[in-house]
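Visitor: I have a structure open and would like a walk through it. Could you take me around?
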Amino acid sequence: MWEYVHMFDLSDAELAEKRILGVGDGPASFNAEMHALGRRVVSCDPIYVFTAAQIRSRVEATHDRLVEFARQHHDTFTWRHMRSPEHMGEVRLEVMERFLRDYEAGARDDGRYVAAGLPSLPFADSSFDLALCSHLLFLYTEQLSLSLHVAGVIEMTRVAREVRVFPLLMLGNAPSTHVGPVREELERLGYQHEVRRVPYEFQKGGNEMLVIRRV
Ligand SMILES: C[S@@+](CC[C@H](N)C(=O)[O-])C[C@H]1O[C@@H](n2cnc3c(N)ncnc32)[C@H](O)[C@@H]1O
């Protein structure tokens with residue numbers, strides 16, 4: 001949960017009061033930890049079509065490769081929040097276990113885990129105050145088209161009053177080439193948008209989020 005709080009610079013008041021949607025939350029534990037505090041967060045991700053066991057095996061299957069990648073690209077990360085590639089791997093598995101303990105009951109009894117993804121979300125207009133999207137748009141600039149980015153951001157502003165997207169870097173730490181064109185399109189359509197610094201930086205230079213609001 002501390003990662004989401006810092007990536008999106010969430011204040012105590014926002015955590016206490018806002019109706020929050022996580023888009024592309026995957027095996028993150030923000031929803032589970034907020035639930036334990038008596039708060040309701042809704043998460044959506046295409047992987048929620050899978051069972052807990054299937055998600056565990058998918059995440060475990062990538063563990064060694066991610067730790068090895070972080071070892072090989074050690075200097076491209078800050079190692080402030082995470083001490084080492086091995087520690088990063090352990091944290092990722094602990095987070096997943098926390099998520100998995102909440103996942104099936106949270107999906108079945110509370111509708112807090114919804115199998116859905118951008119560019120089309122199954123929620124009514126303005127159902128949320130805040131939509132949070134981390135490590136999906138902009139990070140996967142080479143895999144996801146500009147038109148998906150634009151449509152995805154606009155869809156999130158349909159269901160939430162405010163949208164925050166983190167980080168603005170691609171894999172490999174170069175600034176995403178989609179940020180400029182997405183902001184130009186938002187400007188043309190009359191949305192408010194600003195880049196805001198956040199107190200989280202794992203990819204070196206990755207300490208900014210894009211904040212978008214419908215006017
Ligand atoms: C790198 S993970 C990030 C998980 C989490 N947000 C975090 O920061 O720890 C990216 C997630 O995006 C999900 N995803 C992929 N395509 C998506 C789409 N079109 N809409 C929503 N989520 C998507 C993946 O299933 C995956 O769980």
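**Core, ligand and two side stops**

Guide: Let's start at Met 156, bearing in mind that this is a predicted model. Setting aside neighbours within four places in sequence, Met 156 is in contact with Val 23, Leu 118, Leu 121, Ala 131, Cys 133, Leu 137, Val 163 and Val 165.

Visitor: Which element gives the largest share of the largest nonpolar core?

Guide: That core has 28 residues, and Leu 21, Leu 121, Phe 123 and Met 156 touch the most other members. Elements giving two or more residues to it include strand 1 (20–23), strand 4 (128–134), helix 6 (146–159) and strand 5 (160–166). The largest share, 4 residues, comes from helix 6.

Visitor: How many residues are in the other core?

Guide: This one lies apart from the largest core, and its members include Phe 8, Leu 10, Val 67 and Ala 70. In soluble globular proteins, nonpolar side chains tend to be buried together. The count for this other core is 27 residues.

Visitor: On to the ligand: how much of its accessible area does the protein cover?

Guide: Of the 13 residues around the ligand, Gly 24, Asp 45, Leu 118, Ser 134 and His 135 come nearest. Polar side-chain atoms of Asp 45 and His 135 lie 2.6 Å and 2.9 Å from an oxygen atom of the ligand, while a polar backbone atom of Leu 118 is 2.8 Å from a ligand nitrogen atom. On its own the ligand has 600 Å² of accessible area, and the protein covers 74%.

Visitor: And how many residues of the shell around the ligand are charged?

Guide: The shell divides into three classes, with 6 nonpolar and 5 polar residues. That leaves the charged ones, and they number 2.

Visitor: Is Asp 102 buried or exposed?

Guide: Asp 102 sits in helix 5 (residues 85–110). Its side chain makes a polar contact with the side chain of Tyr 113 at 2.6 Å, and Asp 102 also touches Asn 31, Ala 32, His 35 and Arg 112, among residues further than four places away in sequence. The cut-off for buried is under 20% relative accessible area. Asp 102 has 9% relative accessibility, so it counts as buried.

Visitor: What separation do the C-alpha atoms of Pro 199 and Glu 3 have?

Guide: Pro 199 lies in the loop between strand 6 (192–197) and strand 7 (208–213), and it counts as partly exposed because its relative accessibility is 44%. Pro 199 touches His 6, Asp 9 and His 81, not counting residues up to four places away in sequence. Pro 199 and Glu 3 are 196 residues apart along the chain, yet their C-alpha atoms are separated by 9.8 Å.

Terms used
Residues numbered from 1 in each chain as written. Predicted model: local features only at pLDDT ≥ 70, side-chain atom pairs only at ≥ 80, totals over all residues. Heavy atoms only, no water. Near = heavy atom within 4 Å. Polar contact = N/O pair within 3.5 Å; in protein donor to acceptor, adjacent residues only side chain to side chain. Areas by Shrake-Rupley, 256 points an atom, 1.4 Å probe, with all protein chains shown as cover. Nonpolar A, V, L, I, M, F, W, Y, C, P; charged D, E, K, R; others polar. Buried < 20%, exposed > 50% of the residue type's maximum accessible area, 1.4 Å probe, protein only. Contact = heavy atoms within 4.5 Å. Core = buried A, V, L, I, M, F, W, Y, C linked by side-chain atoms within 4.5 Å.
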